[in-house]
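Here are a few exercises to work through with the model open beside you. Try each task before you read its solution.

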Amino acid sequence: MKFKARTRLKEVLEERNMMQKDLVELTGMRPNAISSLFRGHIERISLDHLSKIASALDIEDMNELIVLEKTED
């Protein structure tokens with residue numbers, strides 16, 4: 001059984017009634033980095049970015065931000 005990791009950034013921002021630009025301001029990250037995470041168009045993410053996002057959104061459990069999904073393979 002194989003798994004694929006994906007971020008829940010889009011869902012988390014929607015739950016908090018926030019926009020990507022709000023997260024950019026809170027984290028100091030580049031808008032392109034936030035946009036890529038939001039759209040799920042990433043293969044890698046730095047621990048620094050995860051830490052900044054978790055701090056900005058007051059996330060204590062990374063399962064709120066990242067999920068593993070089973071794939072068909």
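**Exercise 1. A salt-bridge partner**

Does Glu15 count as buried, partly exposed or exposed, and at what relative accessibility?

*Solution.* Keep in mind that this is a predicted model.
Step 1: the relative accessibility of Glu15 is 49%.
Step 2: exposed means over 50% and buried means under 20%, so Glu15 counts as partly exposed.
Step 3: now look at its partner, Arg8, which forms a salt bridge with Glu15. Their closest N and O atoms are 3.0 Å apart.
Step 4: Arg8 has a relative accessible area of 17%, and therefore it is buried.

**Exercise 2. Linking distant parts of the chain**

Find the residue that forms a salt bridge with Glu69, and work out which elements the pair links.

*Solution.* A reminder first: side chains of opposite charge can pair when their charged atoms come close.
Step 1: the structure holds five salt bridges.
Step 2: in one of them Glu69 pairs with Arg6, with 2.6 Å between the closest N and O atoms.
Step 3: Glu69 is in strand E2 and Arg6 in strand E1, so this pair, 63 residues apart, links distant parts of the chain.
Step 4: check the exposure of each side. Glu69 is partly exposed, with a relative accessible area of 34%, and Arg6 counts as partly exposed at 28% relative accessibility.
Step 5: widen the view, and you will find Arg6, Glu11 and Glu69 linked in a network of salt bridges.

**Exercise 3. A pair within a helix**

Explain how the positions of Asp48 and Lys52 are related along helix H4.

*Solution.*
Step 1: the side chains of Asp48 and Lys52 meet in a salt bridge, at 3.5 Å from N to O.
Step 2: the two residues are four apart in helix H4, which means that about one helical turn separates them.
Step 3: Asp48 is partly exposed at 45% relative accessibility, and Lys52 is partly exposed at 34%.

**Exercise 4. The largest pocket**

Describe the space in the largest pocket and the residues that line it.

*Solution.*
Step 1: the largest pocket holds about 290 Å³ of space.
Step 2: its lining has 16 residues, and those nearest the centre are Ala5, Arg6, Thr7, Gly40 and Ile42.
Step 3: strand E1 (3-7), helix H1 (9-15) and helix H3 (31-39) are the elements that give two or more residues to this lining. E1 gives the most, with four residues.
Step 4: sorted by character, the lining of the largest pocket has seven nonpolar, two polar and seven charged residues.

**Exercise 5. Positive phi angles**

Which values of phi do Asn17 and Asp58 have, and where do these residues lie?

*Solution.* For background, most residues other than glycine have a negative phi.
Step 1: Asn17 is not a glycine, yet its phi is positive, at about 55°. Asp58 also has a positive phi of about 55° without being a glycine.
Step 2: Asn17 lies in the loop between H1 and helix H2 (20-27), while Asp58 lies in the loop between helix H4 (47-57) and strand E2 (66-70).
Step 3: Asn17 counts as exposed at 71% relative accessibility, and Asp58 counts as exposed at 60%.

**Exercise 6. A surface patch**

Which residues form a nonpolar patch on the surface?

*Solution.*
Step 1: the patch is formed by Met1, Phe3 and Leu68, which together have about 400 Å² of accessible area.
Step 2: Met1 sits in the segment before E1 and is exposed, with a relative accessible area of 71%.

Conventions
Residues numbered from 1 in each chain as written. Predicted model: local features only at pLDDT ≥ 70, side-chain atom pairs only at ≥ 80, totals over all residues. Heavy atoms only, no water. 1 Å grid on protein atoms, 1.4 Å probe; cavity = no way out; pocket = protein on both sides within 12 Å on 5 of 7 lines; lining within 4 Å. Points joined across faces, edges and corners; volume = space filled by probe spheres on them. Nonpolar A, V, L, I, M, F, W, Y, C, P; charged D, E, K, R; others polar. Buried < 20%, exposed > 50% of the residue type's maximum accessible area, 1.4 Å probe, protein only. Patch = residues over 30% accessible without salt bridge, like charges linked within 9 Å, V, L, I, M, F, W, Y side chains within 5 Å. Areas by Shrake-Rupley, 256 points an atom, 1.4 Å probe, with all protein chains shown as cover. Salt bridge = Lys/Arg side-chain N within 4 Å of Asp/Glu carboxyl O.
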